[in-house]
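Please look through the predicted model shown here, and follow the explanation below with the structure at hand.

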Amino acid sequence: MNTLWHPYTQMKTAPPPYEIASAKGVYLKIKNGPRLIDAIASWWCVIHGYNHPKLNKAVTAQLKKMAHIMLGGLTHEPAQTLADKLVQITPAGLNHVFFSDSGSVGVEIALKMALQYWQNKNQPEKNKFIAFKKAYHGDTFGAMAVCDPQEGMHRRFGSMLAKHIFLPAPDMGLNPDPKKLQRAVTHLDHALKKHAHHLAGCIIEPIVQAAGGFNFYAPEYLTALRRLCSKYNVLLITDEVATGFGRTGKLFACEHAEITPDIMILGKGLTAGYMGHAATLSTSEVFNAFYQDNSEAALMHGPTFMANPIACAVALKSIEIFKNKHYLKKIKKIETQLKKELSGIKSKSIKSHRILGAIGVIEVFDPKTLIGLQEFAFKHGVWLRPFGAYAYIMPSYTIAKKELNKITATLKKFFSH
Ligand SMILES: *Cc1c(COP(=O)(O)O)cnc(C)c1O
């Protein structure tokens with residue numbers, strides 16, 4: 001009997017999942033089986049590797065004080081310290097932090113914040129969002145409504161979702177042809193101008209659209225989007241759940257474009273994969289629209305587990321290690337190695353190689369090419385999980401050169417076998 005229901009899985013036909021008995025560093029230990037190098041860091045969140053002694057210690061130290069308390073009417077030191085820390089390390093101007101328990105909920109809160117911002121400013125007609133093709137923002141209903149409506153995994157729910165405005169995925173690449181960039185920016189300008197009167201905000205994954213198609217785009221596009229959102233009075237929401245905490249080679253992907261969004265969402269790497277947690281940050285301009293004598297103007301949200309003390313303690317330790325151990329340098333090395341080794345994999349079936357920070361992607365023309373890759377990698381001691389037309393590597397930043405080489409060598413073998 002299938003008591004345990006797996007995600008995105010046809011339970012009837014899927015092969016049984018591998019049982020992991022323990023994990024350490026970049027290795028997953030299969031029960032009664034081999035060790036695998038995890039090439040994708042458990043959906044990219046395990047940034048320091050598994051079972052990290054210092055993170056473990058942060059968890060147990062906090063556990064002895066309290067595992068959890070509600071944030072309604074109460075506060076605690078780890079929550080306040082983490083809020084201060086996030087304000088300090090994120091782009092200048094993001095001064096307020098609202099915690100929640102997952103990236104999807106962090107996105108819901110960002111959308112709600114933008115909607116209520118305009119309500120509080122007596123412009124309730126501004127209640128739509130601009131979103132992008134190839135976007136992925138989570139699995140809950142508000143978030144689903146800003147994911148790619150056709151290619152995304154939520155298309156069957158289309159008729160039940162709020163209707164927003166979708167623009168083409170930015171397709172000019174990281175180093176664009178100026179004409180192509182200009183065309184995309186002109187398109188943005190027209191769309192924002194046309195819809196501004198009923199737009200609450202625009203939501204985008206900065207620089208890298210992740211789960212919706214691993215699309216990389218130019219910082220100049222994001223800079224232009226920031227400028228145009230300000231020009232047309234539309235809130236810019238950047239979803240850094242995938243890109244935050246170094247994944248693209250900067251601490252936050254917004255830094256590539258040197259912008260500050262009005263609202264920003266962090267998740268995944270925030271707690272280094274120890275537990276679900278997210279943060280929605282806002283500027284003081286946004287916060288101040290809620291900061292009134294009128295209780296009706298307050299932000300009406302409050303997840304039970306928001307600012308869980310253990311999550312906050314582990315996040316603080318994670319950020320400390322990231323800085324003290326010069327992780328951005330480690331990520332640069334990963335990028336250099338991926339550029340060398342992944343780009344060296346040649347095959348007629350490969351459409352493109354894309355590498356940025358600790359992200360390496362091989363896109364194939366036909367998704368069928370990747371059938372069997374997961375099993376092939378398993379046999380070679382590597383845990384990879386391609387989806388659609390993408391084979392991707394997003395490892396823990398602590399991965400050693402030899403370990404990363406084993407992953408790229410496995411991919412190379414797959415494409416030449
Ligand atoms: C994973 C992801 C989410 C959703 O986060 P969950 O913690 O799975 O709810 C939202 N946005 C982006 C960009 C993501 O990559």
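**Two helices and the core around them**

A good place to begin is a pair of helices: the axes of helix α6, residues 178-195, and helix α7, residues 219-231, come within 10 Å and cross at roughly 20°. Because angles under 35 degrees count as roughly parallel, α6 is described as roughly parallel to α7, and the crossing of α6 and α7 is right-handed.

The side of α6 that takes part in this contact includes Leu181, Ala184, Val185, Leu188, Asp189 and Leu192, while α7 contributes residues among them Glu220, Tyr221, Ala224, Leu225, Arg227 and Leu228. When the residues of the contact of α6 with α7 are sorted by character, 10 are nonpolar, none are polar and 4 are charged.

From here the view can be widened to the nonpolar core. In soluble globular proteins, nonpolar side chains tend to be buried together. The largest nonpolar core of this model has 142 residues, and those that touch the most other members are Leu86, Leu192, Tyr221, Leu225 and Phe245. Helix α4, residues 103-120, supplies the largest share of this core, with 9 residues. If residues up to four places away in sequence are not counted, Leu225 touches Phe132, Leu188, Leu192, Cys202, Ile204 and Leu236.

The last stop is a loop, the one between β11 (263-266) and β12 (278-283), in which Thr271 lies. Is Thr271 buried or exposed? Thr271 counts as buried, because its relative accessibility is 1%, and buried means under 20%. Leaving aside neighbours within four places in sequence, Thr271 is in contact with His277, Ala311, Val314 and Ala315.

Terms used: Residues numbered from 1 in each chain as written. Predicted model: local features only at pLDDT ≥ 70, side-chain atom pairs only at ≥ 80, totals over all residues. Heavy atoms only, no water. Axes fitted to C-alpha atoms, helices over the stretch in contact; angles between N-to-C directions. Helix = DSSP H or I, 4+ residues; strand = E, 2+ residues; numbered from the N terminus. Parallel < 35°, antiparallel > 145°, perpendicular 65-115°, else oblique. Left-handed = near helix turned anticlockwise from the far one by under 90°. Contact = heavy atoms within 4.5 Å. Nonpolar A, V, L, I, M, F, W, Y, C, P; charged D, E, K, R; others polar. Core = buried A, V, L, I, M, F, W, Y, C linked by side-chain atoms within 4.5 Å. Buried < 20%, exposed > 50% of the residue type's maximum accessible area, 1.4 Å probe, protein only.
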